[in-house]
Amino acid sequence: MKCIETELAEVLVFEPQRFGDERGFFMETFRQSYFDACFTERGFSLPIFVQENHSRSQQNVLRGLHFQRLQPQGKLVRVCTGSIFDVAVDIRANSPTYGQWVGRVLSADNRLQMWTPPGFAHGFYVLSEFADVIYRCTDYYAPQDEYVLGWNNTDFSIDWPLIAEPLLSDRDAMAART
C-alpha cells in the first residue's frame, strides 16, 4: 500500500495494491502495521478505529461538512462503488492551516482512501450515478455532539466539482444558509 502526502501534512491518501485477472481481483484495504508505520514515520498519533460505517448516496448528494467537537472523529474513507469528491477542512482554531482544505476524487476504480484527522470537518459530493462509501472512525458517532458547517461556506471556498445543484439533507441545507 502506498502512503501519499497531500497539501495538508496530516491529511493522507492511501493507495492499496490490487491483484486481478479475468476472474476478478483481490485488494488489502487495511493493515494495522502498515498504517502504524506510515503515521509513525511522520510523527503523527496512531489512529485506533472503533467504528465502521457504510453509506449509499445518489448522484449530486452532498454530505457535510460534518464534525464532532467533544468526540472528534478521524475518518479513513474509501469508495467501493462509484465515485465521490471527498473533502477534509482543518477547523482546529490554533492550527497554522486553519480553514484550509484538501479534496480528492475517491472511486472504486482508483481505489484511493483518504485519512481525515480528528479536528477536521468532513464532507463529500457524489459524482457517479450512486456511490457506496465506507469509512472507519476513531471515535463513536455522538449525535448530541455533531455539528455541520455549510458546504458553501465562503471562509473555506471549497472548489466542489458540482455537476448539478447538490442534494442536501435538511440539516446540511440549514447550515448552508447560515
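A salt bridge here is a side-chain nitrogen of Lys or Arg within 4 Å of a carboxyl oxygen of Asp or Glu. Keep that in mind for a later stop, and remember throughout that this is a predicted model.

**Stop 1: the six-stranded sheet**

Start by colouring strands 1, 2, 10, 7, 12 and 5. They make an open sheet of 6 strands in the order 1-2-10-7-12-5, with antiparallel pairing. Strand 1 and strand 5 are its edges, each pairing on one side only. Look along the sheet and you can follow the twist: neighbouring strands are turned by 25° against each other on average, direction ignored.

Now go to the strand 5 edge. Strand 5 runs antiparallel to strand 12 (residues 130-137), and 8 bridges join the two. To pick out one of these pairings, select glutamine 51, whose bridge partner in strand 12 is cysteine 137.

**Stop 2: asparagine 53**

Stay on strand 5 (residues 51-58) and select asparagine 53, which is found there. Is asparagine 53 buried or exposed? Its relative accessibility is 19%, so it counts as buried, the cut-off for that being under 20%. Show side chains and you'll see a polar contact of 2.9 Å between those of asparagine 53 and glutamine 51. Leaving aside residues up to four places away in sequence, asparagine 53 touches Val133, Ile134, Tyr135 and Cys137.

**Stop 3: helix 1**

Next, select residues 32-41. This is helix 1, and it lies across strand 1, strand 2, strand 7 (75-81) and strand 10 (113-116). Measure its direction against strand 2 and you should get about 145°.

Which residues of helix 1 are buried? Select Phe35, Cys38 and Phe39. They sit on the same side of helix 1, because they cover an arc of only 90° around the axis. The spacing fits a general rule: an α-helix has 3.6 residues a turn, so residues three or four places apart point the same way. The cover over the buried residues of helix 1 includes strand 1, strand 2, strand 7 and strand 10.

Spin the view round to the other side of helix 1, where Thr40 and Glu41 are exposed. Just past the end of helix 1, click on glycine 43, which takes a positive phi of about 75°.

**Stop 4: salt bridges**

While you're at this end of the helix, pick glutamate 41 and arginine 42. These two form a salt bridge, with the closest N and O atoms 3.0 Å apart. Glutamate 41 is exposed, at a relative accessible area of 61%, whereas arginine 42 is partly exposed, at 21%. Elsewhere, select Lys2, Glu15 and Arg111 together: salt bridges that share partners join them into one network.

Then move to arginine 31 and glutamate 28, another salt bridge, whose closest N and O atoms are 2.9 Å apart. Both ends are partly exposed: arginine 31 has a relative accessible area of 44%, and glutamate 28 comes in at 33%.

For a link across the chain, select glutamate 10 and arginine 92. Their salt bridge has its closest N and O atoms 2.9 Å apart. Where does each partner sit? Glutamate 10 is in the loop between strand 1 (2-5) and strand 2 (12-15), and arginine 92 is in the loop between strand 8 (83-90) and strand 9 (101-107). The two are 82 residues apart, so this pair links distant parts of the chain. Glutamate 10 is partly exposed at 29% relative accessibility, and arginine 92 is partly exposed at 25%. If you want to hunt for the rest, how many salt bridges does the whole structure hold? A search finds 12.

**Stop 5: the five-stranded sheet**

From arginine 92, carry on to the second sheet. Here 5 strands form an open sheet in the order 9-8-11-6-13, and the pairing is antiparallel. Strand 9 and strand 13 (146-148) are at the edges with a single partner strand each, so one side of each has no neighbour in the sheet. The average turn between neighbouring strands of this sheet is 25°, direction ignored.

At the strand 13 edge, look for 3 bridges to strand 6 (residues 62-68), which runs antiparallel to it. Click on histidine 66 and its bridge partner in strand 13, valine 148.

**Last stop: leucine 106**

Finish on strand 9, with leucine 106. At 0% relative accessibility, leucine 106 is buried. Among the residues it touches, beyond those up to four places away in sequence, are Val77, Val79, Ile84, Leu112 and Met114. For a sense of distance, draw a line between the C-alpha atoms of leucine 106 and arginine 69: they are separated by 26 Å and lie 37 residues apart along the chain.

Methods. Residues numbered from 1 in each chain as written. Predicted model: local features only at pLDDT ≥ 70, side-chain atom pairs only at ≥ 80, totals over all residues. Heavy atoms only, no water. Helix = DSSP H or I, 4+ residues; strand = E, 2+ residues; numbered from the N terminus. Buried < 20%, exposed > 50% of the residue type's maximum accessible area, 1.4 Å probe, protein only. Polar contact = N/O pair within 3.5 Å; in protein donor to acceptor, adjacent residues only side chain to side chain. Contact = heavy atoms within 4.5 Å. Pairing = 2+ DSSP bridges. Axes fitted to C-alpha atoms, helices over the stretch in contact; angles between N-to-C directions. Arc of directions from axis to C-beta.
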